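Please take a moment with the structure below before reading on. The paragraphs after it lead from an enclosed space to the packed interior, and then to a helix and a single residue.

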Amino acid sequence: MSRYAELQAVSNYTFLEGASHPDELAIAAAALGQEAIAICERNSLAGIVRAHVAAKAADIRLVVGARLDLADGAGLLCFPMDRAAYGRLSRLLTLGRRRAPKGECHLVRADVAAHAEGQILVLIPPDPLDEGFAAQAGEWRRLLGDRLYLAAARRFRGDDAERLNTLAGFGIPLVATNDVLYHTPARRPLADVLTCIRRGTTLAQAGWALSAHAERHLKSPDEMARLFADHPGAIANGLEIVRRCRFSLDELAYEYPAEVAQGMDPQERLEQLTREGAARRYPGGVPAKVAAQLEHELALIRQLGFAPYFLTVHAIVAFAESRGILAQGRGSAANSAVCYCLRVTPVDPAHMDLLFERFISAERGEPPDIDVDFEHERREEVIQHIYDTYGRHRAGLTATVIHYRTRSAIRDVGKVMGLSEDTVEALAKANSGWGRRGIEAGHVRELGLDPAEANLARALALAEELTGFPRHLSQHVGGFVISRGRLDELVPIENAGMEDRTVIQWDKDDLDALGLMKVDVLALGMLSCIRKAFDLLRAHHGRDLCLATLPREDPATYDMLCKADAIGVFQVESRAQMSMLPRLRPRRFYDLVIEVAIVRPGPIQGGMVHPYLRRRQGKEKVEYPSEELRQVLDKTEGVPLFQEQAMKIAIVAGGFTPSEADGLRRAMATFRHTGKVGTYGDKLIGGMVARGYERDFAERVFRQIEGFGEYGFPESHAAAFAHLVYVSAWLKCHYPAAFACALLNSQPMGFYAPAQIVRDATDHGIQARPVDVNDSDWDCTLEDGALRLGLRQVEGLAGRDGARLVAARGDGYGSPYDLWRRSGLDRAVLDKLAAADAFGSMGLTRREAAWAVKALDAPPLPLFAGLPPPPEARIALPRASAGEDVVGDYAALKLSLKCHPLAVLRDPFRLRGIALNASLRKRKGGRVAVSGLVLVRQRPGSAKGVLFITLEDETGIANIVVWPDMFEKFRRQILGGHLLRVDGRVQAQDGVVHVVAEKIEDLSAHLAALARGGGKYPSRDFR
């Protein structure tokens, strides 16, 4: 039997070229009997970790390497022979990436020569061979000696034999390759599509840019031996490279920065900071329970050597505090008493019963993962501080791989296949973003297209095949990798799209696979909102508050939440959460922890929501089979709602160690795929039976844990989020004007657009005042308790133009001409302000202001700059109708203070039998027709295909439930409509009212009829 190793393959991490995933290549190579495979991406190691993991799973050797495309010569395959050579390859790629724009790499032969020590290089001959190639080959041979080879691939043309003989004549050992783009010939059409996308052309116009055959796939050793029968040494030379290049990614030894300070080692410094923090957190003395937990955690941190990581996170949070930037840790870090004492998390272990092994486990030995949220508008200060502290050669943001989704795939493939622009756009919009990949044939027919037509059918099939392919690298939302030595010897670093940002080429899954630590420096809009609200309270009410000093357990705040008055409140403003609030009726902080966690896929799919509510409402008796389980489940009415509870059940009832319990948690997500249910399920059930529990009960417990394990919410995460729920709810309850103002100044964030935030504020008795050139700052402000809308609300107005307007305002502008002359703003900016009806303080309507702005031509000459404008005859312009005014407001501001669009349409709607949304509050059942602007469409993964729509009319909102069959029946209306009529049945329970849709009609044409040209009313769509 022949032996062979493919050393020239690219995966789809050579973006828009490779047509197979790394795991497909590894699995196919192993199945074909190849001895090894090298997946060499172009100027990149972006896919190497995935290739490494896939090769280990397929039990085939991966030869680590990369393809180097040079600006001044032929390309090279570069294979590091050892760890040091790998570091040089990584630095070489970093050099080329850092000197080029995002996504590009600029390398020359001199760069490769400077990093060639320990590398085996395989020279890739150009096609056709040019005169300069022989000279280049000679230079590389003199430099590298026996570490240089020459790639030989058949092109399946009539000159293959002549070409191979010519290459052999260079005197450099040949290496047989197939220059692989895909694992199977069936991927050739997709490879052609990728080529066209990359070149910006169509299949019909691509011509010779496309391959003439489908041979660039993995082949069996026997087939490769047959193809290179005249040059058998080329096969042997490839195997020789495999033997010489023994480096594996398993050898990467990552070292975290030492973080030594004040003459102490990291552990000593961490223990000192923890003691000092504990004294501040507990001025009356550290509770015995907390003291014991601190000792346990510090001992485990010492054993695993993680002290430097905790010091890094503490230093980052301390920096934010020194700059007045709100920060709060969440996730597993909230399980840690050490993190609480270091002020990383607000979750007090004295009041929570959290499991540290959910965060760090000695047996698991994996690095901790701490997420810290910062104000989203000021996080960049924190990011630049990290770069300044560690240097860009030691710190980099984690990458995120952007993948094709159905819409982007159909857009790119449709263009390649020559479909018209309107057809491509219609097909893209036909996909809701919800549901399976691809576009169903019925939806294609709804567009008046034939899904069976050959070209269209092929485009749809290729788009579905492309969906899920990586498209390019972007930057992670905030994951930082920091190293003691050079990070660029571990992984290449490249420029991000944003200025002053650099990212590594691996994402969080790659880091997890290699056991590398990262610090998540995340952005959270609600923290920006809360900080701005605190600033407003300080300025207008004389109250100096912070996250730690806010009054606790305020009854009025809980009263508000029980009524589902939660628009703008962190985490509980979704329709599902607002439906749960009146049923759960939170009265204390821990109730908010449950509220955050219970409306999640895990508890819903595990069938835990209704039992919990019934028991909480006293409708069902709570029984515990043992005292030990009572201690675990008592705070959640005997129903496990959190991952930590599942772990504790395994410990106290099943005999698991804490680390084994965490293994159970981690395996839950892969039960169906790995068969570990046999390992953990049998162990848990057997352990419970051995401890006296009935087998039937043990099996039910395990099924319940299994049911929500994949999606279960950590109690620690819920507790950290619940803290912000309470803070934001307290602000909304006691200072609704300041809270609404802060929300508007922190947009975009949350479920609701500015129109709904302003509407909610006015419903709470807050007067809202319009945008005005003489009264508005850039941000929204408070005026004697009223809310003044800021210039930021004007559509298309740049911040710098708003700043110029405010800076030149003085005692006010007397006319549009005065504003134009003193501010120096372009007339186009004044047009935007006129469209926003922002000249009211001058006594001008929208039309009058627009007319006055049109009279402005060129700025006056300096000699006449101080003179008033020449008099102009006043023209009586026709007054705008109410509908025109509302549409104008929405077009320019996305909201209106004059009236709601539905108020203008109410008379004809009443004649059509459409009820006011406010009337739903009095209904207990029956059928009804309601209408409103579409505010939110949401289709949670846990809802089994059910869609929730929120409609708003002039009296309030209507909550619509659309079952999957109704969604398919009225799909076009739902996805395309801005104004909908819904006929359906009223359902009312515990003060929550829904309309279950039976018929849906798109009434958006009525919006356009309000005024010439109409306006846009964007909804917010969530999965």
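**From a cavity to the packed interior**

The largest cavity is lined by I567, K732, P736, F739, A740, L743, I757, D760, A761 and H764. A cavity here is a set of points, on a 1 Å grid over the protein atoms alone, where a 1.4 Å probe fits but cannot get out, and lining residues have an atom within 4 Å of such a point. Its volume is about 70 Å³, where a volume is the space filled by probe spheres set on the points, which are joined across faces, edges and corners. Helix 34 (736-744) and helix 35 (754-763) each supply at least two residues of this lining, and helix 34 gives the most, with four residues. Helices (H or I, at least four residues) and strands (E, at least two) are DSSP runs, numbered from the N terminus. In the whole structure, a search finds six cavities of 30 Å³ or more.

This is a predicted model, in which local features need pLDDT of at least 70 and side-chain atom pairs count only at pLDDT 80 or more, while totals for chains, interfaces and linings use all residues. Residues are numbered from 1 along each chain as its sequence is written, and side-chain values use heavy atoms, with hydrogens and water left out.

In soluble globular proteins, nonpolar side chains tend to be buried together. The largest nonpolar core (buried Ala, Val, Leu, Ile, Met, Phe, Trp, Tyr and Cys residues joined through side-chain atoms within 4.5 Å) has 116 residues, and those with the most contacts inside it are I530, L561, I598, L731, L833 and F839. Its largest share, twelve residues, comes from helix 33 (residues 715-734). Apart from this core lies another, of 112 residues, among them L174, I235, A278 and F310.

On which side of helix 6 do its buried residues lie? In helix 6 (residues 160-168), the buried residues (under 20% relative accessible area, with a 1.4 Å probe and protein chains only) are D160, R163, L164 and L167. They cover an arc of only 95° around the axis, so they lie on the same side of helix 6; the arc is that of the directions from the helix axis to the C-beta atoms. These buried residues pack against strand 7 (148-153) and strand 8 (174-177), with contact meaning heavy atoms within 4.5 Å.

Finally, E17 is found in the loop between strand 1 (5-9) and helix 1 (22-31), and E17 is buried, with a relative accessible area of 12%. Not counting residues up to four places away in sequence, E17 touches R42, L181, L194 and R198.

How values were computed. Buried means under 20% relative accessible area, exposed over 50%, partly exposed in between (1.4 Å probe, protein chains only). On a 1 Å grid over the protein atoms alone, a cavity is a set of points where a 1.4 Å probe fits but cannot get out, and a pocket is an open set with protein on both sides within 12 Å along at least five of seven lines; lining residues have an atom within 4 Å of a point.
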